[in-house]
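Subject: Structure handover

Dear colleague,

Here is the structure I said I would pass on. My notes on it follow below.

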Amino acid sequence: MEKGWTKVFASDRPYETEIVKGMLIENGIDAVILNKQSSSYTFTIPGQVELYVPDEQAETANSLVSQHNNLPTGDPYELDEEEGNKAEDHE
């Protein structure tokens with residue numbers, strides 16, 4: 001990647017990187033994806049799809065990505081655990 005850009009996110013799932021990119025763009029942050037996956041080897045050697053932002057927007061982008069990473073995934077087991085933890089907090 002060229003100078004002046006900072007990596008703020010990486011995943012081996014391209015759709016996840018696209019979701020994070022969309023979230024950053026909605027918040028006024030320029031973002032570009034660098035796909036390091038090789039279509040020939042994705043089943044045996046998965047590569048990374050990286051998300052970069054301009055250096056001057058990296059701090060804000062990292063904060064937003066951190067918030068995104070802490071959101072529930074929608075996994076019913078994860079949601080049950082969170083509700084159980086809330087119930088324990090109120091006792």
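A salt bridge here is a side-chain nitrogen of Lys or Arg within 4 Å of a carboxyl oxygen of Asp or Glu. By that rule the side chains of Arg-13 and Glu-16 form one, with N and O 2.9 Å apart. Please keep in mind throughout that this is a predicted model.

Overall make-up

The protein chain has three helices and three strands. Read from the N terminus, the order of elements is β-α-β-β-α-α. Of its 91 residues, 24% count as buried. The accessible surface is about 6700 Å², and carbon and sulfur atoms hold 48% of that. Among contacts with a separation of 6 or more, 63% are between residues 24 or more positions apart.

The sheet

The three strands make an open sheet, in the order 1-3-2, with antiparallel pairing. Strand 1 (5–11) and strand 2 (32–35) are at the edges; each has a single partner strand, so one side of each has no neighbour in the sheet. On average, neighbouring strands are turned by 30° against each other, direction ignored.

Strand 1 and strand 3 (residues 49–54) run antiparallel and are joined by six bridges. Two of the pairings show the register: Ser-11 has Val-49 of strand 3 as its bridge partner, and Trp-5 has Pro-54. Strand 2 also pairs with strand 3 in the antiparallel sense, over four bridges. Within that pairing, Val-32 is matched with Tyr-52 of strand 3.

How enclosed is strand 3 by the rest of the structure? Six of its six residues are buried, so strand 3 is largely enclosed. Leu-51 gives an idea of the surroundings. Leaving out residues up to four places away in sequence, Leu-51 touches Thr-6, Lys-7, Val-8 and Phe-9, as well as Thr-17, Val-20, Lys-21 and Leu-24, and also Ala-31, Val-32 and Ile-33.

Helices against the sheet

Helix 1 (residues 14–26) packs on the sheet and touches strand 1, strand 2 and strand 3. The direction of helix 1 makes about 15° with that of strand 3. Helix 2 (residues 58–69) lies across strand 1 and strand 3, and runs at about 15° to strand 1.

Ala-58 belongs to helix 2 and, at 8% relative accessibility, is buried. Apart from neighbours within four places in sequence, the contacts of Ala-58 are Thr-6, Val-8 and Val-53. The C-alpha atom of Ala-58 is 8.8 Å from that of Ile-29, with the two positions 29 residues apart along the chain.

The core

In soluble globular proteins, nonpolar side chains tend to be buried together. In this model the largest nonpolar core has 13 residues. Those with the most contacts inside the core are Val-8, Val-20, Leu-24, Leu-51 and Val-53. Strand 1, helix 1, strand 3 and helix 2 each supply at least two residues. Which element gives the most to this core? That is helix 2, with four residues.

Salt bridges

The count comes to two salt bridges. The other pair, besides the one named at the start, is Glu-50 with Lys-7, where the closest N and O atoms are 3.5 Å apart. Glu-50 is in strand 3 and Lys-7 in strand 1, so this salt bridge ties together parts that are 43 residues apart in sequence. Is each partner buried or partly exposed? Glu-50 is buried, with a relative accessible area of 6%, whereas Lys-7 is partly exposed at 44%.

To return to the Arg-13 and Glu-16 pair: Arg-13 is partly exposed, with a relative accessible area of 39%. Glu-16 lies in helix 1. The relative accessible area of Glu-16 is 18%, and the cut-off for buried is under 20%, so Glu-16 counts as buried. Besides neighbours within four places in sequence, Glu-16 is in contact with Phe-9 and Ser-11.

Regards

Terms used:
Residues are numbered from 1 along each chain as its sequence is written. This is a predicted model: local features need pLDDT of at least 70, side-chain atom pairs count only at pLDDT 80 or more; totals for chains, interfaces and linings use all residues. Side-chain values use heavy atoms; hydrogens and water are left out. Two strands pair if DSSP finds at least two bridges between them. Axes are lines fitted to C-alpha atoms, for helices over the stretch in contact, and angles run from 0 to 180 degrees between N-to-C directions. Contact means heavy atoms within 4.5 Å. Buried means under 20% relative accessible area, exposed over 50%, partly exposed in between (1.4 Å probe, protein chains only). A nonpolar core is a set of buried Ala, Val, Leu, Ile, Met, Phe, Trp, Tyr and Cys residues joined through side-chain atoms within 4.5 Å. Accessible areas come from the Shrake-Rupley method with a 1.4 Å probe; for residues, only the protein chains shown count as cover.
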